[in-house]
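Trainee: I am new to this structure. Please take a close look at one helix pair, and then show me the parts of the chain around it.

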Amino acid sequence: MLRDVKHTVSDGLLGFATPTGDGLHLKIGVSPKASDTPIVVTGDMDAKKIKERLGLSPLADMVMDAVQFGAARVFCLPVSATTAGEVSKVEKTGDGGGGVTVDGSPNNAFDVIVKITAQGGLNTAAFVVSIDGGYSFTDETTVPVTGSYELAGTGLTLKFTEATQEDQKPSSFLVNDVYSFTTTAPTMTNGDVLAAIEKVKKFTQEIEFIHIVGESNPALWVAMSEAQKELMRVNHKPLFILLEAEYPTESEDGTLHDWAFQMEEDRKKVKNSDIQVCAAWGRLVRLDGTTQNVNLAGLASGLYAKAAVQTCIGKTRDEAGFGIPKSKLLELLPAGYDDTIIEFLDVAGYLTFREYDGLSDFFVYHTKMMSPDGSDFRYAEDVRVKNKIIRETRKEALQFKNDDIDLEDIQGELEARAKFISTPLDRMVDDKEISSYQTIVLSGHEETFLEDETMRIKIRYLSRGYIREIEIDLGRAALGSE
């Protein structure tokens, strides 16, 4: 080869930021779809597309909530439920002598209405059906000659039966005959969830948190607390886990006080700042237009997804965009979920929602975590910042694994490397994610270093401050006073 001018390109010297996983999360929930690896849903997908990817399932419902309120990308790990859903008795109104029964196991909670639109028997009568309580109906369909009609995607099959001769009036099915029933969603066992967590250990995408879809009890909270610690300690995955509390139950006197007292006792079983339990429920207009009573964890996950790590998702300033319009969140549930209960749950350490006199929207009240008493990490914004620092400094520190240094200047060599490890913290200061930081290479350990070859660094950072309450001293001024 002839000699000439040659170039090589050195890349990475400017230290531009790499992807950090901010706002990304994974949902684990029941779905008829089978996948050993997470299914990706993006924020530009509509309800129909999400249901196609995840089925008519509790997992799809919560993903819709997250997308509607801010998530740009959600990783979804479907689980085949161990505990099947239940089907209620079919209720009938109308004069036709025919009947409808239901076979199968439901994939979700459905409110099914079958309405006869043309009279007759098998192969002549016609009907429409809704699985969302009448919000939407299918196109008109002729009752099959076999009497069997599969409700696509639900796991259910309708069975139409003609009237016996003595019940004919004048046809088996008459216009405006209505058959209705409801189902409950299938649920995961604690074992199902733990099996899914094992799959998460092999997931290489950086995420901030895991949302466990579906009502859960303290036994699962404890199990997830141990799982989170293992993910951090063994798999080097600093993340928090968001769970859903069970629906509030009223006491005999019609209040929620006994339920709240029990919630306070249940919370004492978990002391982990990386565990959060949403105790708020509401009547929500979902992405598909249906109105359902839901735990608001899915909504909260969408707010986390669009918020910077240091930003509280309960921020009330208009331009922050964290207010939930009352055209979307119609009310908090149940009716007794008032300020007294909200304050009680907040003090206990649950994620709650509330409304403020003078503001038109609903808001997250406080992003409380199930932290130990006296913890520095009581709120999600504290935890998210802490976990980001862990993720980012680990990536930088890994660059120096098995690096050799000059033993004539151990302290200087280690301090030079510590400066590079701290690069992400400089960016976090610039981005106003933290206020400041200090990195110290512990000195006086030269002999120890020769023995165990361990670089020891201490990082102390000053977080952002948060206005949690405002006090105003108001009074009339005297005439002539300044």
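Mentor: One definition comes first: a crossing of two helices is right-handed if the near helix is turned clockwise from the far one by less than a right angle, and left-handed if it is turned anticlockwise. The model is predicted, and the pair to look at is helix H3, residues 190-200, with helix H4, residues 218-233. The axes of H3 and H4 come within 10 Å and cross at roughly 15 degrees. An angle under 35 degrees counts as roughly parallel, so H3 is described as roughly parallel to H4. By the definition above, the crossing of H3 and H4 is right-handed. From H3, the residues that make the contact are Asn190, Val193, Leu194 and Ile197. From H4, they are Ala219, Leu220, Ala223, Met224, Ala227 and Leu231. Sorted by type, the residues of this contact are nine nonpolar, one polar and no charged. The spacing of the numbers has a general background: an α-helix has 3.6 residues a turn, so residues three or four places apart point the same way.

Next comes the stretch that follows H4. The loop between H4 and strand S13 holds His236. His236 is not a glycine, yet its phi is positive, near 55 degrees. In general, most residues other than glycine have a negative phi. The relative accessible area of His236 is 40%, so this residue counts as partly exposed.

Strand S13 covers residues 240-245, and Glu244 is part of it. Glu244 has a relative accessible area of 3%, which is why it counts as buried. Setting aside neighbours within four places in sequence, the residues in contact with Glu244 include a run from His211 through Ile212, Val213, Gly214 and Glu215 to Ser216. Met62, Val277, Cys278, Asn295 and Ala297 are also in contact with Glu244. Asn295 lies 51 residues from Glu244 along the chain, and the two C-alpha atoms are separated by 6.5 Å.

Asn295 is also the last residue of strand S16, which spans 291-295. Between strand S15 (281-285) and S16 is a loop, and Asp288 sits in that loop. Asp288 has a relative accessibility of 18%, and under 20% counts as buried. Beyond four places in sequence, Asp288 is in contact with Ala47, Lys51, Met64 and Tyr135. Compare a residue that is far off in space: the C-alpha atoms of Asp288 and Ile389 are 37 Å apart, with their positions 101 residues apart in sequence.

Helix H8, residues 380-397, contains Asn387. At 2% relative accessibility, Asn387 is buried. Leaving out neighbours within four places in sequence, Asn387 is in contact with Pro238, Leu239, Phe240 and Asp274. Of these, Phe240 belongs to S13.

Helix H7, residues 339-348, shows how one helix can have two sides. Its buried residues are Ile341, Ile342, Leu345, Asp346 and Ala348. These five cover an arc of only 160 degrees around the axis, so they are on the same side of H7. Asp339, Thr340 and Val347 are exposed on the other side. The buried residues of H7 pack against helix H5 (257-267), strand S17 (329-333) and strand S18 (353-355). Before H7, in the loop between S17 and H7, is Pro334. The peptide bond that joins Leu333 and Pro334 is cis, with omega about -10 degrees. In general, most peptide bonds are trans. After H7 comes Gly349, with a positive phi near 115 degrees.

One more residue has a positive phi without being a glycine: Asn123, at about 70 degrees. Asn123 is in the loop between strand S6 (111-118) and strand S7 (126-130). Its relative accessible area is 49%, so Asn123 is partly exposed.

Last, the whole protein. There are eleven helices and 21 strands. Of its 482 residues, 46% are buried. Taken along the principal axes, the C-alpha atoms fill a box of roughly 105 × 95 × 45 Å. Among contacts between residues at least 6 apart in sequence, 69% join residues at least 24 apart. The pair H3 and H4, with its crossing at roughly 15 degrees, is one part of this fold.

Definitions and conventions: Residues are numbered from 1 along each chain as its sequence is written. This is a predicted model: local features need pLDDT of at least 70, side-chain atom pairs count only at pLDDT 80 or more; totals for chains, interfaces and linings use all residues. Side-chain values use heavy atoms; hydrogens and water are left out. Buried means under 20% relative accessible area, exposed over 50%, partly exposed in between (1.4 Å probe, protein chains only). Helices (H or I, at least four residues) and strands (E, at least two) are DSSP runs, numbered from the N terminus. The arc is that of the directions from the helix axis to the C-beta atoms. Contact means heavy atoms within 4.5 Å. Axes are lines fitted to C-alpha atoms, for helices over the stretch in contact, and angles run from 0 to 180 degrees between N-to-C directions. Angles under 35 degrees count as roughly parallel, over 145 as roughly antiparallel, 65 to 115 as roughly perpendicular and the rest as oblique. Ala, Val, Leu, Ile, Met, Phe, Trp, Tyr, Cys and Pro count as nonpolar, Asp, Glu, Lys and Arg as charged, and the others, Gly among them, as polar.
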